[in-house]
Amino acid sequence: MEEIRLGDVVQMRKQHPCGSSEWTVTRTGADIKIRCSGCGRIVMMDRETFLKRRKKVLTQGPEVPPVV
């Protein structure tokens, strides 16, 4: 399973109607919540759909230390 971090900036396959194709991950889990870098629109989708629609990771978010 691919790692998705909070704060990742990703490029999606299709451009958003505002013209931006860059999104920031704001929530992870079974569902992924992303915010458009252009207009601020928030979209929530399941992990499988997100992985299909993601083109590439532009910048990774900070690494979270494991909980002990």
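In the predicted model, R54 is placed in strand β5. The relative accessible area of R54 is 10%, below the 20% limit, so R54 is classed as buried. When neighbours within four places in sequence are set aside, the contacts of R54 are E2, E3, I4, V10, Q11, M12 and R13. Among these contacts is Q11, a residue of strand β1, which covers residues 9-12.

Q11 has a relative accessible area of 18%, and because this value is under 20%, Q11 also counts as buried. The contact between the two residues appears again in the list for Q11, where residues up to four places away in sequence are not counted: S21, R54, K55, K56 and L58 are touched. R54, in strand β5, is thus one of the residues in contact with Q11 of strand β1.

V57 is a further residue of strand β5, which spans residues 54-59. With a relative accessible area of 33%, V57 is partly exposed, whereas R54 is buried at 10%. Apart from neighbours within four places in sequence, V57 is in contact with D8, V9 and V10. V10 is also found among the contacts of R54. The C-alpha atom of V57 lies 9.4 Å from that of E22, with the two positions 35 residues apart in chain numbering.

At the level of the whole protein, the secondary structure consists of one helix and five strands. Read from the N terminus, the order of elements is β-β-β-β-α-β. The radius of gyration is 12 Å, close to the 11 Å given by the globule rule for 68 residues, so the protein is as compact as a globular protein of that length. Along the principal axes, the C-alpha atoms fill a box of roughly 45 × 20 × 20 Å. Buried residues account for 29% of the 68 residues. The accessible surface amounts to about 4,900 Å², and carbon and sulfur atoms contribute 50% of this area. Of the contacts between residues at least 6 apart in sequence, 38% join residues at least 24 apart.

I34 belongs to strand β3, residues 31-36. A relative accessible area of 1% places I34 in the buried class. Not counting residues up to four places away in sequence, I34 touches M12, W23, T24, V25, T26, R41, I42, V43, M45 and F50. The C-alpha atoms of I34 and G7 are 9.4 Å apart in space, and the two residues are 27 apart in sequence.

I34 is also one of the residues that line the largest pocket. The full lining is made up of M12, R13, K14, Q15, H16, W23, I34, V43, M45 and R53. Five of the lining residues are nonpolar, two are polar and three are charged. The space in this pocket is about 180 Å³. M12, W23, V43 and M45 occur both in the lining and among the contacts of I34. M12 and R13, likewise part of the lining, are included in the contacts of R54.

Two loop positions were also examined. P17 lies in the loop between β1 and β2, the latter strand being residues 22-27. At a relative accessible area of 80%, P17 is exposed. The separation between the C-alpha atoms of P17 and C39 is 9.5 Å, and these residues are 22 apart along the chain.

S37 is situated in the loop between β3 and β4, where β4 comprises residues 42-46. Its relative accessibility of 42% falls between the limits of 20% and 50%, and S37 therefore counts as partly exposed. With residues up to four places away in sequence left out, S37 touches S20, E22, W23 and T24. W23 and T24 are also included in the contacts of I34, and W23 is one of the residues lining the largest pocket. S37 and C18 are 19 residues apart in sequence, with a C-alpha to C-alpha distance of 9.7 Å.

Conventions: Residues numbered from 1 in each chain as written. Predicted model: local features only at pLDDT ≥ 70, side-chain atom pairs only at ≥ 80, totals over all residues. Heavy atoms only, no water. 1 Å grid on protein atoms, 1.4 Å probe; cavity = no way out; pocket = protein on both sides within 12 Å on 5 of 7 lines; lining within 4 Å. Points joined across faces, edges and corners; volume = space filled by probe spheres on them. Nonpolar A, V, L, I, M, F, W, Y, C, P; charged D, E, K, R; others polar. Helix = DSSP H or I, 4+ residues; strand = E, 2+ residues; numbered from the N terminus. Rg over C-alpha atoms; globule rule 2.2 N^0.38 Å. Buried < 20%, exposed > 50% of the residue type's maximum accessible area, 1.4 Å probe, protein only. Contact = heavy atoms within 4.5 Å. Areas by Shrake-Rupley, 256 points an atom, 1.4 Å probe, with all protein chains shown as cover.
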